[in-house]
Amino acid sequence: MSITPRVVGGRYEVGRLIGRGGMADVYLGHDTRLGRTVAIKMLRPDLARDPNFLTRFRREAQSAAGLNHPAIVAIYDSGEDDVDSPHGPNVPLAYIVMEHVDGTTLRDRLVRDGPLEPSEAIRITEGILDALSYSHRMGIVHRDIKPGNVMLTENGSVKVMDFGIARAVADSAATMTATQAVVGTAQYLSPEQAQGQTVDARTDLYSTGCVLYELLTGRTPFTGDSPVAIAYQHVGEQPQPPSIWNADGGGDLDAVTLHALAKEPDSRYPDATAFRRDLENVRQGRPISAAARGAAAGLGAAALTQTLPEASTPTEVQTVLEDTTRSTADLPAVGQPEEEAQAEGKRRGRRAALITVLAIIALAAIGWGAMTWFGNLKPAVVSTTVPGITGLTAQQAEAALTQRHLKGAATDAADQSEKGTVFKQEPAEGKTVDEGSTVNYVVSTGPDTVAVPDVKGLTQELATQALKDRGLSVSGTKDVDDPSQDKGKVVSTSPAAGQTVDTGSAVTLNLASGKVEVPDDLVGQQWTIVSTSLANDYHLVAVPVDVDSKDKTPGEVLSVEHAGEVVKVGSSIKVKVAQRPIPTVTATQTVTAPPSPEPTTPKPTSTDGGGEGND
């Protein structure tokens, strides 16, 4: 039974689900007007009910549609369709029609391969910066640059995704949603994003620096037990050079990466072009910019001091610091009486104690302010919504949960769902939970029983694969004289299509032999019926042979050639058909009397021996 696909916008057929995000589901689609494959991103209905979000989405979808660059996933169209809502009246379901990219995400590449070679990391980052350079010129800030939003095509090209969706979450003046949730992903947040400040294009450069760091090291610049801890580090701690974790990089590549990760936007690269130029310089062995060298020198030194080992005795560095920070004022003055020197020392001690107390009070106030500020952020960054993972494979489900900073716990069970796909989850999709929570889900091992699929009309190879996909096997084939299918095509199965059997059962394929048995019950029927039946039901060509018959109805079939025998489909069959005898015409002989002779006038007899007679 065929199912009519859903069509949106009057032209886009919605196919299978190929991805899930925090705000939208992505489906494989087909543009019936242009005949091309597309990806259709549909916003979740619960977000569509928010008029503010819907208004921003409409505006930003139009802006994103104007981005036309090889390194950006193209936006073809956008619109809205009314959908039935279980929570009330119909809601407008906004959708975006995008370029369909065959490939994998950068996140999947990292999970699969781990840290990349520096040259490959630079190449991919340059592709991201190409996309950002163009989008920034067009006035669009991405705000959520991360490996999950970067696609790598089959030939290695870079494609940045989700401009419209990410930009629609917040306008240009803030990074907070209506619920005060920080926009972005904690591991890639810029310090200004984490603090809810105004952001600009340099926010994307910081996030790109985080991505470059992860490509080089296999880890993000800052890690922690919670998004709050990670956000705190983005604001208040300096990153360690990437070469600490991977010695293959280092040098100028460290400097470029650390310059992109500067806390203050003014201290970073001014734009994506400058960032890309320095990466190109590293790749080609040319000097990098002075700004990168200077900024990285300070950042690198600070980061290295964070890695000094703790010990019970001072290290050489600490000893030097202690010696050089002692003041000569702490020593008795030359020629000063010892009592005065002791009194002066006591006064200095009291001043030092007072300064120490004031410093402690100041540090406590700073700590209290920081705790208060980050405490206010806690509701915005520690909670998340559970994604819908039913219908996904176990690997896809884990990736979706990881993207939301959730853990997954899988179990297996028999179900009618496709083998290897998730058919149950707890908590349910859309539930709000703390980040780091565990989502339990059940993966189908396939059904205990399965309905035999209808493979009629398929070749043996395709039918075998279709049965295998349902967990069934083929026990053998059998040729049947059935003209309904071409030779070698499946006519039927045993057990029959639709019959429920145990998973793993064997099925026999009945294949068309290309032959048919000529029926033997056609004699006595009318020629029109017999000829139609032979053509339609048996795929044979009926050739009429007229036979005179006095006692049969004209048009009645008297005999059928090869009745009851097996012949090739398409053969010609002679059919003798009764016809009324042609009447015989009897010839009648007519005797005609000869014509009567004309009467003659007797000549007069001469009495005088030849003289003239009298009148």
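Here are four short exercises on the predicted model shown above, each with a worked solution.

**Exercise 1: The chain as a whole**

Task: Describe the protein chain by its secondary structure elements, its share of buried residues and its long-range contacts.

Solution:
- Begin with the elements: the protein chain holds 16 helices and 24 strands.
- Next, turn to burial: of its 615 residues, 38% are buried.
- Finish with the contacts that have a separation of 6 or more: residues 24 or more positions apart account for 66% of them.

**Exercise 2: A sheet and its helices**

Task: Work out the strand order of the sheet that contains E8, and explain why E7 and E9 each have one side without a neighbour in the sheet.

Solution:
- Lay out the strands: the order is E7-E8-E9, in an open sheet of three strands with antiparallel pairing.
- Now look at the edges. Strand E7 (103–105) and strand E9 (158–160) each have a single partner strand, so one side of each is left without a neighbour in the sheet.
- Add the twist, which averages 30° from one strand to the next.
- Zoom in on one pairing: strand E8, residues 150–153, is joined to E9 by three bridges, and the two run antiparallel. Within this part of the sheet, Leu152 is found opposite Val158 of E9.
- Then place the helices. Helix H3 (residues 106–113) packs on the sheet and touches E7 and E8, with its direction at about 80° to that of E7. Helix H4 (residues 118–137) also packs on the sheet, but touches E8 and E9, and its direction makes about 40° with that of E9.

**Exercise 3: Enclosed space**

Task: Count the cavities of 30 Å³ or more, then characterise the lining of the largest cavity.

Solution:
- The count at this cut-off comes to three.
- For the largest cavity, the volume is about 40 Å³.
- Its lining consists of 10 residues; those nearest the centre are Val73, Ile75, Met161, Asp162 and Phe163.
- Sorted by class, the lining of the largest cavity has eight nonpolar residues, one polar and one charged.

**Exercise 4: The setting of Ala397**

Task: Decide whether Ala397 is buried or exposed, and list its contacts beyond its neighbours within four places in sequence.

Solution:
- Locate the residue first: Ala397 belongs to helix H14, which covers residues 394–403.
- Apply the burial cut-off, under 20% relative accessible area. Ala397 has 0% relative accessibility, so it counts as buried.
- With those sequence neighbours set aside, Ala397 is in contact with Ile389, Leu392, Val422 and Tyr441.
- As a last step, check a distance: Thr421 is 24 residues from Ala397 in sequence, and their C-alpha atoms are 8.9 Å apart.

Key: Residues are numbered from 1 along each chain as its sequence is written. This is a predicted model: local features need pLDDT of at least 70, side-chain atom pairs count only at pLDDT 80 or more; totals for chains, interfaces and linings use all residues. Side-chain values use heavy atoms; hydrogens and water are left out. Two strands pair if DSSP finds at least two bridges between them. Helices (H or I, at least four residues) and strands (E, at least two) are DSSP runs, numbered from the N terminus. Axes are lines fitted to C-alpha atoms, for helices over the stretch in contact, and angles run from 0 to 180 degrees between N-to-C directions. Contact means heavy atoms within 4.5 Å. On a 1 Å grid over the protein atoms alone, a cavity is a set of points where a 1.4 Å probe fits but cannot get out, and a pocket is an open set with protein on both sides within 12 Å along at least five of seven lines; lining residues have an atom within 4 Å of a point. Grid points are joined across faces, edges and corners, and a volume is the space filled by probe spheres set on the points. Ala, Val, Leu, Ile, Met, Phe, Trp, Tyr, Cys and Pro count as nonpolar, Asp, Glu, Lys and Arg as charged, and the others, Gly among them, as polar. Buried means under 20% relative accessible area, exposed over 50%, partly exposed in between (1.4 Å probe, protein chains only).
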